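Work through the exercises below with the sequence and the model in view. Each task is followed by a solution in steps.

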Amino acid sequence: GMFHLVQGCLLAFTAGFVDVVGFCALFGLFTAHVTGNFVMIGMELAGSGQGVLAKLLALPVFVLAVASTKLTVEAVVRHGREPTRLLLLTEALLLLTFMTAGLLALPIQSADNPATIVVGLIGVAAMGVQNAK
C-alpha cells in the first residue's frame, strides 16, 4: 500500500544520496551501485591508478553485507519475528557510522589513504544491507 510506496521511495533516495556522497567525496567510489566501480577501476588503471583498492574491495564487502543480512533475516523470520525494523536500524547505524567516520577522516585528500578506504567500505556495507532487504 501507501506505506510501502513511501518506504520504497525513501530507500531509493537514500541509496542515490549515499552513492552521490561516495562518488563525490571518495574519489569516484560507488557505494550503492558497486558494479560501476569496475568501470572506474579501468579508467583509473589507464590513468592515475588512484583509489583502485577501495573499488576492488567494494564488491566483496557488498556481497558479504548482503549475505550476512540474508542470513540474519532468515534467523529472525525463523524465530517468528518481522525483520524490517532490525534491517532499517542496522542500515541507519551503518549510515551514522559512515558519516562519523567520514567526518573523522577529514580532510579526505587521497583515495588510497586507509581511512578513506574504510569510510567507503562502511558506506558500501550500509548499501549492502539495504539491497538485501
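**Exercise 1.** Find which residues of helix 2 are exposed and which are buried.

Solution. Step 1: V39, M43, L45 and A46 are exposed (over 50% relative accessible area, 1.4 Å probe, protein chains only). The model is predicted, with local features needing pLDDT of at least 70 and side-chain atom pairs pLDDT 80 or more, while totals for chains, interfaces and linings use all residues. Residues are numbered from 1 along each chain as its sequence is written, and side-chain values use heavy atoms, leaving out hydrogens and water.

Step 2: in helix 2 (residues 36–46; helices are DSSP runs of H or I, at least four residues, numbered from the N terminus), the buried residues, under 20%, are G36, N37, M40, I41 and E44.

Step 3: seen down the helix axis, these buried residues fall within an arc of 140 degrees (directions from the axis to the C-beta atoms), so they line one face of helix 2.

Step 4: the buried residues of helix 2 pack against helix 1 and helix 3 (52–78), contact meaning heavy atoms within 4.5 Å.

**Exercise 2.** Is T72 buried, partly exposed or exposed?

Solution. Step 1: T72 is found in helix 3.

Step 2: its relative accessibility is 35%, so T72 counts as partly exposed (between the buried and exposed cut-offs).

Step 3: the C-alpha atoms of T72 and L87 are separated by 9.0 Å, and the two residues are 15 apart along the chain.

Methods. Helices (H or I, at least four residues) and strands (E, at least two) are DSSP runs, numbered from the N terminus.
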